[in-house]
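Colleague: Please bring up the model. I have some questions about the ligand and the parts around it.

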Amino acid sequence: MKAIQVKQVGGPEAMEMVDLPVPQPKANEAVVKVAAAGVNFIDVYYREGRYKATPPFVLGQEAAGVVVAIGTEVKSVRVEDRVAWCGQLGAYAEYAAVPSDRLVAIPGGVTDRQAAAAMLQGMTAQYLSYSTYPLKAGDTALVHAAAGGVGLLLVQMAHNIGARVIGTVSTEEKAQLARAAGADEVILYTQTDFESETKRLTGGSGVHVVYDSVGKTTFEKGFNVLRPRGMMVLFGGSSGAVPPFDPIVLSQKGSLYLTRPTLVVYTASREELVARSEAVFGMLASGKLKLRIEHTYPLVEAQRAHRDLEGRKTTGKLLLIP
Ligand code: NDP
């Protein structure tokens, strides 16, 4: 089978298309024929070595497809079931062996491509807006990179809850997408200082929560736009890692909260994984959540997909099709 392997961590060129044997399932695994694999910023971190895996490894954390073989102990899925998963390396391939307790069934109203597009970023937006800082109608949220993969979904969920959403983006085209997703205000943070603009837009009172996946270039200023007892949710570092942080800042800027959550922990139990994926698939099936799958690449073009993602050229979801 064809797969995208990293033999030595590095830039996009570290990804190589190779021929590997189709994996055989261990006792607790199912082998899935991949219909579509999601591209996520976390794949960049693994490829670069910021997150650790032992080379050679097949990249990719998210996919959907059909079960073609199961291990001897697997009871929860059957051959020919349509399934999706995230959080397990090996998705950039024609076939992947996945622990069966990390697979979720794809409901009838959701296509394989939609499932591959929604699992990781959709459940992330869901846990951020419903669990990490549970938004309420009337809250104001600042969402950085609002036209990105997670961003467009988080803006929609926050808007649907009834929160006022201020989004930041780098271009006018992205601003239009963020507005269409439900952002009430959009700041081009590459041209306008988001700190003073957010203060102006909130009449000086600040926001209840900052959802920050950009990190290095936005993190410190984010504390200046939070209202007292507001929450900084740092969930990524697309611009780089944040510098060391002194907790006294939380006290000085208004008894603030800081958290650095991960999807792994918010889907650690089978029950939570199923509940979050069902919540996301339910929003998709009912039309409350719209996916933007603008970028679809053949598996062999994984390097291009990464260059586009890192180059800030993309909006919404990127898929690789084996
Ligand atoms: P995105 O589609 O959001 O792509 C990243 C975006 O970040 C870009 O489009 C760009 O938007 C913005 N950005 C700002 N500065 C830079 C920079 N210097 N280089 C590149 N991009 C920059 O990616 P994803 O939706 O896949 O992921 C978004 C973030 O969420 C990532 O940081 C990821 O690690 C994190 N994440 C965290 C999870 C968790 O549980 N903690 C789970 C899933 C994702 P613009 O051009 O508008 O500035």
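What follows is a short exchange on this predicted model.

Colleague: Into which domains is the protein divided?
Modeller: There is a split, and one part is built from two segments. The division gives domain 1 (2-119 + 267-321) and domain 2 (136-260).

Colleague: How many residues of domain 2 are in contact with domain 1?
Modeller: The centres of domain 1 and domain 2, taken over C-alpha atoms, are 28 Å apart. The domains still touch. On the side of domain 1, 14 residues take part, and in domain 2 the number is 20 residues.

Colleague: Where does the ligand lie relative to domain 1 and domain 2?
Modeller: Look at who supplies the shell. Domain 1 and domain 2 both give residues to the shell around the ligand. The ligand therefore lies between them.

Colleague: How many residues surround the ligand, and which are the closest?
Modeller: The cut-off is a heavy atom within 4 Å. The ligand has 30 residues around it. The closest are Tyr127, Ser170, Lys174, Tyr189 and Arg312.

Colleague: How many residues of the shell around the ligand are charged?
Modeller: Sort the shell by class. Nonpolar residues number 13, and polar residues number 13. The charged residues number 4.

Colleague: Which helix gives the most to the shell around the ligand?
Modeller: Four helices each supply at least two residues: helix 1 (41-48), helix 2 (112-132), helix 3 (149-161) and helix 10 (302-310). One gives the most, with 4 residues: helix 2.

Colleague: What is the distance from an oxygen atom of the ligand to an N or O atom in the side chain of Tyr189?
Modeller: Take the tyrosines in turn. For Tyr45, a polar side-chain atom is 2.8 Å from a ligand oxygen. For Tyr127, an N or O atom of the side chain is 2.6 Å from a ligand oxygen. For Tyr189, the corresponding distance is 2.4 Å.

Colleague: What percentage of the ligand's exposed area does the protein bury?
Modeller: Start with the ligand taken alone. It exposes 900 Å². Of that, the protein buries 92%.

Colleague: Is His306 buried or exposed?
Modeller: His306 sits in helix 10. Its relative accessibility is 0%. Buried means under 20%, so the class follows. His306 counts as buried.

Colleague: Which side chain is joined to that of His306 by a polar contact of 2.9 Å?
Modeller: Beyond its neighbours within four places in sequence, His306 is in contact with Met15, Val39, Asp43, Val44, Arg47, Leu59 and Tyr92. The polar contact of 2.9 Å links the His306 side chain to that of Arg47.

Notes:
Residues are numbered from 1 along each chain as its sequence is written. This is a predicted model: local features need pLDDT of at least 70, side-chain atom pairs count only at pLDDT 80 or more; totals for chains, interfaces and linings use all residues. Side-chain values use heavy atoms; hydrogens and water are left out. A polar contact is a pair of N or O atoms within 3.5 Å; within protein, one must be able to donate a hydrogen and the other to accept it, and residues adjacent in sequence count only if both atoms are side-chain atoms. Accessible areas come from the Shrake-Rupley method with a 1.4 Å probe; for residues, only the protein chains shown count as cover. Ala, Val, Leu, Ile, Met, Phe, Trp, Tyr, Cys and Pro count as nonpolar, Asp, Glu, Lys and Arg as charged, and the others, Gly among them, as polar. Domain bounds come from an automatic or database domain assignment. Buried means under 20% relative accessible area, exposed over 50%, partly exposed in between (1.4 Å probe, protein chains only). Contact means heavy atoms within 4.5 Å.
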